[in-house]
Amino acid sequence: MRIPNEINRDNLYRRRGRGGTPTQTYRRLFRLMLALALVLMVMRQAARPGVYAIFFPETMVPVQSEPASQSTSEPVSNEPTVGELSGDQLRSEWETVQAAVAEQILSEDQTLEKAQRTPTRMEQESLIAQVDDGTVWRAADQPALCATLALHRSPESWSAEPPFESVLETGLLPLLQQPDVYRGRTVRATGKLVRVVSVQASTNPWGIDRYWDCWLQPEDGSQRPWLIIVPHLPRGVRELVPEPVDDLESTDSVDIASPLPTIVVEGEFLKRLSYQSADGAELTPVVVGHVQAVRSNGNAIVGAALQSANAKASGTPTVTQKRSLSLGMIVVISTLIGVAIGGLVMWRSSVSHRRLRAKRQREHVTLPMLACLALGFSFMTMDDPVVFAQQTNTVEQMEKTGAVSNDASLLNLLSGFDVERLRRLGDRMRVGSNGNAARDEQAKLVFRLKRLSDATLAERLSGEAASVGDAIEINGTIESLQYVAVPEELIEFLSLRQLVQLVLANDDGMQIRVIAAPLPKQVAIGDQLSGVGVALLDGDDQGTSIAVAGNLRWRPKQPASLGWQVLGELDVDITRLPDIVALSRRPLMDVDSQVFFSMIGAANQAGSISADSEPLGPIAAAMRAAAVEVSPTDLLKEPEKWMGQWITIDVETVRWTRVSVELDERAQQVGSDHYYQIDAIGDLGNVQLKIATEGGGSVMMENRYPVTLVAAKLPAFLADENALSRTVSKPVQVEGFFYRLWSYESDFMASHGGKQFAPLLIAGRWADRTPTSNDPIGVSWIGTFAAVGVIAAILGALAFAWSNRRGDRLARRQRV
């Protein structure tokens, strides 16, 4: 057997004879050159370290500080000594020395004037609070940007002003979805460096002249980039940028060639920046800080620079720069001043607390003349709507800060109203006088009470008989109701167009006459109302209570559905549900918070409560049994029909995100300090949706449509306690209360000039629809039936052939 040569098609053995035609020399040479070129290309690719990075990944190399090199050698003087100079030469030499000393002093003064100042963390936080989120760079963003860069320009400034909290390991998605939670907090960003932009900084008091915009490709596979801003680039990364960039006055962009190095940046999350991409306007998080570590990923320039830096660091001993005495004195004096100011503030606080305790213990308090004049001025300005609204805002601030008393009286929350004024209003309502003056007073009082929270009003209730100005409990059945128009001059300032006059009867048969804020149109005689108002008459006056209230809770006698009945039993204010319907296709706002958070907790309870629990268990079980299965098309066509209804929908999850609840009152309604938002996809069937955009165009959507789910807890097949966000695709069946249609920003709709809107469902029960069988559609049975059919056909063919042959044999025998 002869083994052929792959180069010249000849065998690898010597020929015994010379009879064959030899191969042409130039063809053999050309083939050898091609083979050599191929070998060189393979060797060149094999020499790249990035080829083996997937098998032998590099470790992150921490970035070391590079102190400015200073020359310590003294120049050798070749000038003649003093003994060799004459008198005139000595005088000229002395004048030269004096001029040199003066020039040195002048240069030192100029250096001090141009010294760089490092801002404090308090200054940085105050400046970051002024940043405009979700926009392009504004002039208001530059102070926060330069102050943060000044904190990260050197290890000394970073160690002098460390972050208040630990560094957060987070991805890109939480920063885009919860910017208010992460703004100003120190995070760690990791990604591959794609582009570097040198930017000339604006004028600032911290000496920042130029900084670098670094665009990173996230390592989690996300399509959106990071924008990292650093005051300077470390060794290795700086070599990737050509030198002429430093000579430019404005900006210049440099794209990094592959392989891309990976950098780790620690800094503060500043804002979400709007930038223009090929798909349109998009948002990216901006992190301002310093480069902590670098990995070359096979990049020759970065790898060589990192190796030289490590060799230099290991071969040269570290030289610690001593601080001057003046700097130490400044630190000591600053510390003493801070301690002194802190002690002074604590002393003043203790003195003021002692005075307040002494005033509370006094039986009679004498007000100064200026306080009396100010109080009288507040009474006089109650007729001015502008001043009235300003005073109301002050009262709300006092309520939020806790600067109110805890007794049963509401007078300190109703600025401008005193006992006499309330009593006069109560007398007018008792005799039926409801003129313009009475309606003005009622509208102003309802406006004040409407802006107070239910928790604050509930704290003022007491078991004793209420007097004028005290909090009074309102609970009874509606016997009559009438709407009264608010004077036109107050509509603009009070945001109220009408009031409702009610006559309620409580369980004891006592009547309560109430003036309150408008109620839903569905309210009818026989329904129950409850709430807290302010008493206008003493409790023992003629056996009838007269009160003014803000928001009242409505419990219908005949609920529109079992869902509304369960929500009312679970302390959800269904009085506000008709107002929520008017917010369809709009983002979530402050108005939603009154119902949204309480409905999350109610859905969690309604989905888990057993049928045996009294008194809500049987009603909740009946509601779950009567749940209607709907599709996204049904919710998009008639959202007001399904508002507050317990429904069932089949969707497929895409991603869930954990959302923090900061206020204690809202966390108590939800039942936890967080809830979960689940992005899902529903089936539209054969329906095509045509959505109009703000620009006048339209977008066609078919087959699938986004659905948003909100839940207090996640089921076990979706939950992950250690993650803030997770991408998971799972077919599920969800039961819960439908809230409304809400709008949000999405990349797809933003590219068409509009906003995405989707049904918002508050989930209470989950069911995993993942098929448990390995053959859900019966493929194995189809194969079995096909095999049986083939075998039967073969047996039938054999039987038919045997029958024909038997008939042929019988025919031949008969012929014979």
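Q: What do the buried residues of α4 pack against in this predicted model?
A: In this predicted model, they pack against α3, α5 (155-160), β4 (210-218), β5 (226-230), β7 (262-277) and β8 (280-295). Each of these partners has heavy atoms within 4.5 Å of them.

Q: What makes α4 largely enclosed by the rest of the structure?
A: Nine of the 10 residues of α4 are buried, so the helix is largely enclosed. The buried ones are Q142, A144, L145, C146, A147, T148, L149, A150 and L151.

Q: Why is C146 called buried?
A: Buried means under 20% relative accessible area. C146 has 1% relative accessibility, so C146 counts as buried.

Q: Why is α3 called roughly antiparallel to α4?
A: The axes of α3 (residues 121-128) and α4 (residues 142-151) come within 8 Å and cross at roughly 150°. Angles over 145 degrees count as roughly antiparallel. Therefore α3 is roughly antiparallel to α4. The crossing is left-handed.

Q: Which residues make the contact of α3 with α4?
A: From α3 come R121, Q124, L127 and I128. From α4 come P143, A144, A147, T148 and L151. They divide into six nonpolar, two polar and one charged.

Q: What makes one residue of that contact charged?
A: Arg counts as charged, along with Asp, Glu and Lys. R121 of α3 is an Arg in the contact, so R121 is the charged one.

Q: How do you know that P285 is buried?
A: P285 has a relative accessible area of 0%. The cut-off for buried is under 20%, so P285 is buried. P285 is found in strand β8.

Q: Which residues does P285 touch, not counting residues up to four places away in sequence?
A: P285 touches L172, L175, L176, P225, W226, L227, F269, K271 and R272. As for R224, its C-alpha atom and that of P285 are separated by 9.3 Å. The two residues are 61 apart along the chain.

Q: Why is S545 called buried?
A: S545 has a relative accessible area of 14%. That value is under 20%, so S545 is buried. S545 lies in strand β13 (residues 545-549). Leaving aside neighbours within four places in sequence, S545 is in contact with I472, M510, Q511, I512 and R513.

Q: What makes D571 exposed and N703 partly exposed?
A: Exposed means over 50% relative accessible area, and partly exposed lies between 20% and that value. D571 has 52%, so D571 is exposed. N703 has 46%, so N703 is partly exposed.

Q: What is the phi of D571, and what is that of N703?
A: Most residues other than glycine have a negative phi. Phi of D571 is near 65°, a positive value. N703 has a positive phi of about 70°. D571 is in the loop between α16 (562-569) and α17 (577-581). N703 is found in strand β18 (residues 698-711).

Q: What is the omega of the peptide bond from S258 to P259, and what is that of the bond joining E614 and P615?
A: Omega is near 0° from S258 to P259, and that bond is cis. Omega is about 0° between E614 and P615, also a cis bond. P259 is in the loop between β6 (251-255) and β7. P615 is in the loop between α18 (593-608) and α19 (617-625).

Q: How many disulfides are there?
A: With a cut-off of 2.5 Å between cysteine sulfur atoms, the count comes to zero.

Technical notes
Residues are numbered from 1 along each chain as its sequence is written. This is a predicted model: local features need pLDDT of at least 70, side-chain atom pairs count only at pLDDT 80 or more; totals for chains, interfaces and linings use all residues. Side-chain values use heavy atoms; hydrogens and water are left out. Axes are lines fitted to C-alpha atoms, for helices over the stretch in contact, and angles run from 0 to 180 degrees between N-to-C directions. Helices (H or I, at least four residues) and strands (E, at least two) are DSSP runs, numbered from the N terminus. Angles under 35 degrees count as roughly parallel, over 145 as roughly antiparallel, 65 to 115 as roughly perpendicular and the rest as oblique. A crossing is left-handed if the near helix is turned anticlockwise from the far one by less than a right angle, and right-handed if clockwise. Buried means under 20% relative accessible area, exposed over 50%, partly exposed in between (1.4 Å probe, protein chains only).
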